[in-house]
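Please take a moment with the sequence and the model before reading on. The paragraphs after them are meant to be followed with the structure in view.

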Amino acid sequence: MLSYQHAYHAGNFADVHKHLTLFAVVDYLLRKNSAITYIDTHAGRGLYPLDRQETQRLQEYRQGIWPLWQARQGLKDSLLGAWLDKLESAQPHAAELSHYPGSPWWLSQALREQDALTLFEFHPSEHEHLNTQTLPEQARRIFADGLAGLSKRVPVATPRLCVLIDPSYERKQEYQEVAETVVQTLAKVRHGVLLIWYPLLPSGAHQILLNSLKASGVRKIWRSELKQRAQGVDQHGMYGSGMLIVNPPWGLDERLASAMADITPLLGEQSQYHSDWLVGE
Ligand code: SAM
């Protein structure tokens, strides 16, 4: 039984990290004309009105997208500027941040005629919400397990593949399952670009994912981590957001580091950004 609902966390610092990284990767991919299949294994609702009861309960966006939105006129970084402009286009009233879009929206924005997008969501009511979104005709929504769905769909018909794996990690086994799915996917699509999100928790549970991938023989895994606060032994809850990008576009690291230099001061005194190769070439 799935219980996680992303509406409680929409627009938080982890969403900023994840969606900005996704936006930057896709921006590189769009420099070539050849067709791309995008697969989003854990899609969520697609769009989150910030005034909804679930989102208002924790108001995590106030320590995430909100300070960036407030400061947007003075931000210098071009990637961040382009991302915030896109975010503005998701608002019914341009000057007012009332909605935060999820990964299906960010990916839909990138779709060209030749591309395809498959969205998996396995929570009945989240899938219902996703079905109410207006998406381009190349976007397919599937009510099924995302990791199994990805495994069934590779190899794909297009020359290029870009996958976002963004589970809720409600079960600890998911870290291992994600690692296994990544290895299987790359065995069929060697040059696929895979983005994998994970939480930084005091338990260090994400090490299962990192260690398993390090031991797998997969090369070119770049790690990007945004910490909202320092890791305290007696603290609970997520203190940071991690992304792995397998086969990252060349130049992505510098581009993101520059955007993060603008972002971290806005997220609080303890906020820090770091990136490195988990596994090099
Ligand atoms: N990717 C979304 C975004 O960036 O806007 C957020 C996804 S949220 C972190 C995780 C989602 O995965 C939840 O909506 C949850 O219902 C869904 N989910 C959980 N288990 C799943 C599974 N086995 N297959 C597909 N979706 C699942």
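What follows leads from the sheet to the helices, then to two features of the loops, and finally to the ligand.

The model is a predicted one, and that should be kept in mind throughout. A good place to begin is the open sheet, which has eight strands arranged in the order β5-β4-β1-β6-β7-β9-β8-β10 and whose pairing is mixed. At its edges stand β5, covering 139–142, and β10, covering 272–279; each has a single partner strand, so one side of each is left without a neighbour in the sheet. If direction is ignored, neighbouring strands of this sheet are turned against each other by 15° on average.

In general, the strands of a sheet pair through backbone hydrogen bonds, and they do so in either a parallel or an antiparallel way. One pair in this sheet can be followed residue by residue: strand β1, residues 36–40, and strand β4, residues 116–120, are joined by four bridges in the parallel sense. Within that pair, Y38 has L117 in β4 as its bridge partner. Packed on the sheet is helix α5, residues 103–110, which touches β1, β4, β5 and β6 (160–165), and whose direction makes about 175° with that of β1.

Helix α5 also has a helix beside it, since α1, residues 13–29, packs with α5 at an angle of about 15°, the two axes being 10 Å apart. Angles under 35 degrees count as roughly parallel, and α1 and α5 are therefore described as roughly parallel to each other. Their crossing is right-handed. On the side of α1 the contact is made by H19, L22, F23 and V26, while α5 contributes S103, W106 and A110. Sorted by class, the contact of α1 with α5 consists of five nonpolar and two polar residues, with no charged ones.

A second pair of helices can be read in a similar way, beginning with α8, which lies across β6, β7 (193–200) and β9 (240–246) and runs at about 170° to β7. The axes of helix α8, residues 173–188, and helix α9, residues 207–216, come within 8 Å and cross at roughly 30°, which makes α8 roughly parallel to α9. Here too the crossing is right-handed, as α8 passes α9. The residues of α8 that take part are Y175, Q176, V178, A179, V182 and V183, and they meet I208, L209, S212, L213 and S216 in α9. The contact of α8 with α9 divides into eight nonpolar residues, three polar ones and no charged ones.

Two details of the backbone lie in loops. The peptide bond that joins V154 and P155 is cis, with omega about -5°, and P155 is found in the loop between α7 (146–153) and β6. In the loop between α9 and β8 (221–227) lies K220, a residue that has a positive phi of about 55° although it is not a glycine.

The last stop is the ligand, and one may ask which of the 19 residues around the ligand come nearest. They are H42, G44, G102, S103 and H123. Of these, S103 has already appeared in this account, as one of the α5 residues in the contact with α1. Taken by class, the shell around the ligand has six nonpolar, eight polar and five charged residues.

Technical notes
Residues numbered from 1 in each chain as written. Predicted model: local features only at pLDDT ≥ 70, side-chain atom pairs only at ≥ 80, totals over all residues. Near = placed C-beta within 6 Å. Nonpolar A, V, L, I, M, F, W, Y, C, P; charged D, E, K, R; others polar. Axes fitted to C-alpha atoms, helices over the stretch in contact; angles between N-to-C directions. Parallel < 35°, antiparallel > 145°, perpendicular 65-115°, else oblique. Left-handed = near helix turned anticlockwise from the far one by under 90°. Contact = placed C-beta atoms within 7 Å. Pairing = 2+ DSSP bridges.
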